[in-house]
Amino acid sequence: MGFFLETLFGGLMAGMLYSLIALGFVLIFKASGVFNFAQGAMVLFAALAMARFSEWVPALLGFDNKVVANLIAFVLAMGCMIIVAWVIERFVLGKLVNQEGITLLMATLGITYFLDGFGQTIFGSDIYKIDVGMPKDPIFLMESTFPGGILIGSEDLIAAGIAAALVVALAVFFQKTATGRALRAVADDHQAAQSIGIPLNRIWVIVWSVAGFAALVAGIIWGSKLGVQFSLSQVALKALPVVILGGLTSVPGAIIGGLLIGVGEKLSEVYIGPLLGGGIEIWFAYVMALGFLLVRPQGLFGEKIIDRV
Amino acid sequence: MSTPNILLNVNGIEVIYNHVILVLKGVSLQVPEGQVVALLGGNGAGKTTTLRAVSNLLAGERGEVTKGSIELRGERIEKLSTSDMVDRGVVQVMEGRHCFAHLSIEENLLTGAYTRTDGKAAVAQTLEKVYNYFPRLKTRRTSQAAYTSGGEQQMCAIGRALMANPKMVLLDEPSMGLAPQIVEEVFEIVKDLNTKERVTFLLAEQNTNIALRYADYGYILENGRIVMDGAAKDLRENEDVKEFYLGMGGGDRKSFKDVKSYKRRKRWLA
Amino acid sequence: MTDKKIGDVILDVQNISLRFGGVKALTDISFNVREHEVRAIIGPNGAGKSSMLNCINGVYTPQEGRITFRGQAFSHMNSRQVAEMGVARTFQNLALFKGMSVIDNIMTGRNLKMKTNIFQQAIRWGAAEREESAHREFVEHIIDFLEIQPHRKTPVGRLPYGLQKRVDLGRALAMEPQVLLLDEPMAGMNVEEKQDMCRFILDVNEEFGTTIVLIEHDMGVVMDISDRVVVLDYGKKIGDGAPDEVRANEDVIRAYLGTSH
Amino acid sequence: QAKEQFFPVLVYRTGAYAPNGVPFANGYVDYLKLVNAQGGINGVKITFEECETGYATDRGVECYERLKGKGATVFQPLSTGITFALTEKAPADKIPLITAGYGRSESADGGVFKWNFPLLGTYWVNADVLVQHIAKKEGGLDKLKGKKIALVYHDSPFGKEPIPVLQERARTHGFDLQLLPVTAPGVEQKATWLQVRQSRPDYVFLWGWGVMNSAALKEAVATGYPREKMYGVWWAGAEPDVKDVGDNAKGYNAAAMQHGAQPDAKVVQNIMAQVHAKGQGTGPKEEVGSVLYMRGMLSAMLGVEGVKRAQERFGKGKVMTGEQTRWGLENLALDQKKLDALGFAGVMRPVSTSCVDHMGSGWTRIHTWDGKKWGFTSDWYEGDQQILKPMVKAAADKYAAEKKLERRTPADCQS
Amino acid sequence: MLYRENGQFKTSYRADQQIFPILQDRVVIGLLIAFAFFAVPMMASEYMYRAILVPFLILSLAAIGLNILVGYCGQISLGTGAFMAIGAYGAYNFMVRIEGMPLLAALVLGGVCATVVGVLFGIPSLRIKGLYLAVATLAAQFFTDWSFLRIKWFTNDSSSGSVSVSGLKLLGWNITTPLDKYLFCLGFVIVCAWLAKNLVRSHIGREWMAMRDMDVAAAVIGIRPIYAKLTAFAVSSFFVGMAGALWGFVHLGSWEPAAFSIDRSFQLLFMVIIGGLGSIMGSFFGAAFIVILPIALNQIPAAMGIPISTALASHLEAMIFGALIVFFLIVEPHGLARLWSTAKEKLRLWPFPH
Ligand SMILES: Nc1ncnc2c1ncn2[C@@H]1O[C@H](COP(=O)(O)OP(=O)(O)OP(=O)(O)O)[C@@H](O)[C@H]1O
Ligand SMILES: Nc1ncnc2c1ncn2[C@@H]1O[C@H](COP(=O)(O)OP(=O)(O)OP(=O)(O)O)[C@@H](O)[C@H]1O
Ligand SMILES: [Mg+2]
Ligand SMILES: [Mg+2]
């Protein structure tokens with residue numbers, strides 16, 4: 001029982017971390033109908049920027065205060081993400097208005113290559129550290145009830161809290177504001193949105209900047225967990241089942257999807273894995289998402305897929 | 001009316017789609033401020049293309065204006081974006097509805113007011129006005145646009161454009177798919193806005209009959225060229241127009257059942 | 001109107017009701033269609049006309065009621081069955097296959113009649129090629145008939161709206177249907193084009209004896225070419241009969257026509 | 001034409017494994033530069049060209065094809081996947097492959113694998129040595145009975161290589177082996193470490209590469225598994241694996257493939273003096289002498305020595321062909337004296353290869369991270385040939401049967 | 001003026017239905033094939049065969065397969081690598097387990113294995129659509145990756161999960177030299193491309209396209225979605241599976257599951273989109289582009305004697321590659337094939353514009 005709970009909590013925590021990345025996907029999809037495969041690359045890029053700036057800034061300015069260094073680095077990294085958003089709008093999406101989803105998807109794959117190369121060129125391809133003072137030591141709960149207690153990573157706990165806060169903020173933004181509505185309109189029909197005067201370019205810069213912000217937060221949390229290096233871009237693959245399970249267009253879906261996938265994945269690996277030789281969590285997550293989709297093809301909270309004659 | 005100032009001046013434009021398909025072959029037309037100008041012509045004549053050129057929606061269709069110029073109040077606008085045009089008060093109602101499928105009818109209408117800065121109350125007022133024009137929309141206000149009937153979507157598209165409080169509306173086939181009653185109503189709305197709020201209209205329409213009844217001036221476009229233009233009432237009296245666009249060979253309306261020969265207009269054009 | 005033999009009831013719609021959540025699209029609708037006739041359905045926007053066709057087609061499943069086709073009753077129709085029984089259809093919102101050429105679009109209408117298997121098609125040589133040529137010939141006739149020869153190989157997405165409507169009709173005709181359901185085939189056409197379209201429809205009706213169910217907002221067209229008219233309003237039937245009767249019906253005038261034409 | 005011996009250099013300086021690939025590549029190239037600085041191989045200058053594989057097999061194959069055309073005489077694929085692919089191609093091209101410390105374990109059998117040289121040790125040796133080491137700590141092989149060892153491995157051919165040896169050992173000594181695969185690249189290991197926490201194994205063997213290693217260490221910290229009980233493969237025992245875990249990785253052990261991090265070794269000093277001092281160093285100075293840098297250097301040295309040995313037979317100061325180099329590698333005799341002369345004293349032990357033994361030697365030590373650097377914490381071990389030899393032979397025979405190859409005859413061995 | 005169909009009248013529908021209705025096109029293609037069979041062997045180096053031509057041909061075949069699914073039937077798949085793997089391991093198992101299995105039969109049977117699994121993973125497509133389906137196909141990718149690593153039977157009990165084949169032979173022809181391999185692949189791929197082209201221009205092909213463009217309308221004219229989608233999955237997986245088998249057997253000779261990883265799936269998707277969705281010809285263009293471009297980019301600095309470090313070179317390569325992809329998508333979202341046909345249309349009008 002103790003172990004079950006521990007696995008459950010572990011899954012929930014891992015799930016929140018996935019949500020954080022899934023959020024980036026959802027944001028951009030919801031606001032422009034683009035399935036942004038570059039989200040992983042953006043996470044890496046943001047994390048690299050953060051890690052390197054927090055190293056360079058104190059060296060350059062010659063002070064030794066970690067908090068200040070981190071703050072400055074955060075601002076600079078965010079600046080980078082805004083520039084990235086602007087460049088993407090200006091040179092890629094702006095020129096692909098009204099194209100089909102799959103073309104846009106490919107374009108984001110192109111962006112992925114570019115960002116990967118570019119990020120490593122300017123920031124380097126070694127392992128870097130982000131140290132924002134996340135606690136590393138485990139916390140034990142209910143030690144009296146279960147032998148050894150239930151272990152929870154304190155780092156995970158904080159990350160989960162941040163993710164939750166971010167999601168709530170974004171969900172409100174989308175549902176309650178006029179800009180949120182305009183964003184959803186853009187996702188439905190680029191051309192019609194243009195025709196009523198929604199300035200696609202400005203909207204896209206904003207959305208990609210927000211997604212950049214989500215990427216930066218994800219990058220900091222994942223980066224301080226894993227170290228900042230190329231593999232960080234691959235955690236995006238873990239967020240994909242979350243996105244489809246929760247629904248491509250739903251911010252709360254990213255959270256619920258994340259939790260479900262996280263828990264499902266960990267429980268399956270721990271309880272079914274040994275029977276099958278282990279290593280099943282990655283495909284199990286996808287199969288789980290697939291199963292949900294068979295029941296609800298638009299994901300748990302996604303907007304209904306419309307086909308009508 | 002004294003000589004009205006020209007609001008929109010299209011000057012010999014050529015439009016090419018996909019780098020190879022030449023669609024407009026030098027179209028010139030003028031829309032005076034505060035008037036209703038109709039753009040008539042058969043299928044594929046290039047009406048939609050002309051409107052797209054004006055509102056700068058061609059890029060998304062991989063088309064471009066290769067020759068000529070378009071001026072709005074004397075300002076060259078070929079390089080502007082669609083949203084710049086909306087800022088200048090020019091809104092297009094696209095052919096084939098194009099509602100935002102996932103948004104409800106009301107949300108669709110509200111997005112139409114995206115560019116407005118005159119406050120919530122004013123927007124609510126316009127919304128009320130649109131609902132007054134199209135009561136059907138009010139009953140369907142919470143349905144997702146994708147699940148409304150063809151005609152309801154058409155009303156939604158028109159209503160959405162009105163929400164922007166435009167100075168000039170480019171209407172592309174507003175009557176399509178609407179019940180006859182509503183068609184009349186739409187044109188009444190056009191007249192209403194035109195007279196009361198001095199909104200200028202450029203409308204592409206297949207329903208020549210009604211279009212010429214409400215328009216001040218008409219252009220007939222065939223095969224990417226303007227073949228005829230004139231005041232609406234003159235056009236209505238023109239024999240060719242009567243025969244080919246109003247379906248009234250020799251004075252009377254012919255029954256659809258009895259018309260046996262086609263291809264006449266094509267001969268006329270040749 | 002007199003030289004045409006109108007036969008027995010071919011399609012009988014009985015007490016159909018269709019709801020979408022709270023929206024009652026159709027309420028207890030019954031009407032029938034006789035062989036070889038031109039049957040029009042009219043009504044204001046959102047009355048449920050297209051939904052009616054969708055029910056006949058098997059795209060929607062009505063909650064109540066039955067549809068009898070040639071004496072066979074169905075409470076649910078599957079699109080494929082309907083097609084096999086010889087019912088073809090055009091769409092209000094242009095449901096053409098955008099990426100395909102005009103010929104290919106119309107050829108899809110022949111699919112039900114093409115029998116070679118996938119291996120024969122892969123090799124092509126022989127049976128598949130013969131079949132393809134034979135059907136191609138049929139399709140060329142339709143293309144000639146609809147006068148869209150110059151656009152044969154153009155992707156339909158590039159065609160102007162009116163021609164797309166014609167291709168849509170062509171695709172339906174390629175199925176050699178016994179019953180042809182037309183959803184606003186003349187929307188977006190000018191008078192002359194409408195005249196052409198009427199000609200096509202009447203020719204089909206006269207030459208092949210195809211039964212036609214037509215939704216149209218142009219009263220001129222409806223009154224001129226249809227044999228009988230059903231009028232729907234808010235999902236209910238408010239009139240049914242010959243054009244002249246319907247035109248005189250008070251309910252219809254109030255709900256739809258506005259002024260009498 | 002000048003006499004030049006061409007060395008292709010397959011590297012990965014980008015992608016997921018770049019942090020590990022870069023120091024290796026730098027060591028490799030620096031050593032070649034050092035040889036040139038010292039006058040080449042008996043006067044034959046070395047030329048070399050890098051080709052980026054990104055650790056991807058198809059790019060590796062493309063690199064091979066490209067550099068082969070430029071007169072390459074020996075390849076070091078530097079990835080298990082690429083090794084597998086090149087093993088099929090090398091015999092036809094008559095180019096030997098050096099896979100020092102990686103590749104297929106059964107290729108130690110030169111009777112079947114004529115062109116493969118897993119010099120200095122295979123994964124089977126590595127796995128065997130780890131078992132020996134913990135047995136020693138426990139106080140004898142018999143003490144292993146009833147113990148539990150978890151193998152946390154990279155789910156790929158690389159990660160699966162040690163399994164047969166460990167299973168064999170588990171059978172004979174009666175310890176429990178728990179297999180815990182980690183899907184590449186190994187960024188998410190929570191489930192794995194929850195399982196470790198549940199089953200509380202006495203030891204964890206970490207068979208990872210790249211980010212997987214540091215992620216595993218971090219999860220070990222998070223789940224409170226003692227790092228002292230963790231033993232890594234020799235590819236999981238370098239600076240990039242522990243660097244950003246820092247103090248938390250203190251006590252973590254890994255096999256050392258002969259060498260460890262030895263910045264004060266003679267050969268390293270030579271490089272500093274003769275290459276870096278002249279501004280010709282490939283990477284940053286701080287990295288010189290680190291574990292993977294050393295391994296790169298060592299690998300380069302083996303290739304150079306193969307050529308040198310071949311020259312002894314086929315003519316000093318000549319450019320060797322692939323076939324001649326193969327003979328050189330097969331008859332390598334790096335005794336202590338030669339090693340000392342090369343500056344490898346204390347870095348590695350003598351190696352001598354033969355027609356049947358393409359591995360040469362399998363000396364291994366254990367080193368431990370003290371929070372700042374790696375330091376040796378054990379004596380030398382060697383794989384237990386009684387266990388390994390039959391396994392190698394059986395696997396090689398199976399390969400030969402599949403490929404319909406004949407074992408090499410003694411006559412062939414002379415050639 | 002040279003490129004005109006003027007004066008080429010079709011006297012039968014059959015003639016009009018040829019793959020290349022215009023004489024000039026037929027001549028060019030004929031010459032191209034003749035060139036590939038006779039001229040290339042006289043000029044190409046071993047490196048060309050092994051590193052460029054053979055991978056190009058095999059990946060073209062896989063791209064054709066994927067194009068049938070994505071380009072013709074509109075079902076986006078990110079799991080192509082999986083089906084290549086199934087083809088490869090399937091063919092391998094037939095080869096090692098059945099004595100005297102002919103090479104060709106093994107390849108085809110590999111394709112059949114992929115077909116079976118493809119149909120299985122195609123079933124969800126009846127409900128799941130668009131990008132949801134695309135992501136869901138990754139389930140196939142990760143599941144097969146895992147299976148071939150974990151289930152020893154598939155790899156003939158190889159301890160590492162990596163397998164190899166050698167001694168390829170076709171009717172007494174030993175396929176050993178790079179030239180042999182090239183010719184074998186060339187023949188194989190041309191035949192497959194021809195079969196694929198026949199399929200897509202027959203009624204089954206039209207069914208796929210109808211599903212892609214408007215599935216409800218397709219159903220109304222009597223096309224069964226189940227049949228259309230599953231045949232697309234089946235045919236697509238069949239070609240992809242054979243390509244996988246060729247990749248393993250002919251190109252690599254020895255492989256591990258990582259040879260068919262998700263990167264391969266993306267690479268193939270790139271090919272069909274850059275090449276042109278819904279175009280068999282485009283699959284070749286796309287494959288050529290994606291195979292040759294990185295290699296070319298990689299060699300440019302060395303060829304021009306610019307001394308930049310390997311790392312920088314490959315970062316630049318990634319950047320340029322990504323930028324070029326975006327560039328081509330912007331120039332022509334419908335791919336190189338469309339660019340090509342636009343160019344032809346222009347040529348047809350030449351020298352009079354429009
Ligand atoms: N996106 C496009 N790509 C290529 N050609 C196009 C495109 N859009 C329109 N065309 C072509 O341009 C010509 C004019 O089309 P347009 O839509 O402007 O006609 P229209 O007058 O609006 O006709 P309709 O009344 O049928 O809507 C047509 O021949 C059409 O084939
Ligand atoms: N799939 C659906 N989901 C929800 N509501 C629907 C759906 N299909 C139709 N409706 C509703 O049913 C009503 C009837 O629609 P229908 O399309 O049949 O109208 P119509 O008579 O064809 O109108 P029009 O002349 O405008 O095309 C409309 O109010 C529409 O919103
Ligand atoms: Mg139009
Ligand atoms: Mg309708």
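Biologist: A polar contact is a pair of N or O atoms within 3.5 Å. How far does a polar side-chain atom of K49(C) lie from an oxygen atom of ligand 2?

Modeller: This is a predicted model, in which local features need pLDDT of at least 70 and side-chain atom pairs pLDDT 80 or more, while totals for chains, interfaces and linings use all residues. Residues are numbered from 1 along each chain, chains are lettered from A and ligands numbered from 1 as written, and side-chain values use heavy atoms without hydrogens or water. K49(C) is among the residues that come nearest to ligand 2, and its polar side-chain atom is separated from the ligand oxygen by 2.7 Å.

Biologist: Between which chains does ligand 2 lie?

Modeller: The ligand has 22 residues around it (a heavy atom within 4 Å). Among the nearest, R140(B) and G151(B) belong to chain B, whereas S50(C) and S51(C) belong to chain C. The complete set of chains that ligand 2 lies between is A, B and C.

Biologist: Which side chain of chain C, besides that of K49(C), has an N or O atom 2.7 Å from an oxygen atom of ligand 2?

Modeller: On the chain B side, E152(B) has a side-chain N or O atom 3.3 Å from a ligand oxygen. In chain C, the 2.7 Å separation involves the side chain of Q92(C).

Biologist: How much of the accessible area of ligand 2 does the protein cover?

Modeller: On its own, ligand 2 has 640 Å² of accessible area, as given by the Shrake-Rupley method with a 1.4 Å probe. Two helices (DSSP runs of H or I, at least four residues), α6 (150-162) of chain B and α1 (49-57) of chain C, each give two or more residues to its shell. The covered share is 95%.

Biologist: Why is the site of ligand 1 shared between chains?

Modeller: Of the 21 surrounding residues, T48(B), T49(B), E95(B), Q206(B) and R158(C) are the closest. The site is shared because the residues that surround ligand 1 come from chains B and C.

Biologist: Which residue has a polar backbone atom 2.3 Å from an oxygen atom of ligand 1?

Modeller: In chain B, the side chain of N43(B) places an N or O atom 3.0 Å from a ligand oxygen, and G46(B) places a backbone N or O atom at 2.8 Å. The 2.3 Å separation belongs to the backbone of R158(C).

Biologist: Which element gives the most to the shell around ligand 1?

Modeller: The protein covers 89% of the 630 Å² that ligand 1 exposes on its own. Elements that supply two or more residues include α6 (161-174) of chain C. The greatest contribution, four residues, comes from α1(B).

Definitions and conventions. Polar contact = N/O pair within 3.5 Å; in protein donor to acceptor, adjacent residues only side chain to side chain.
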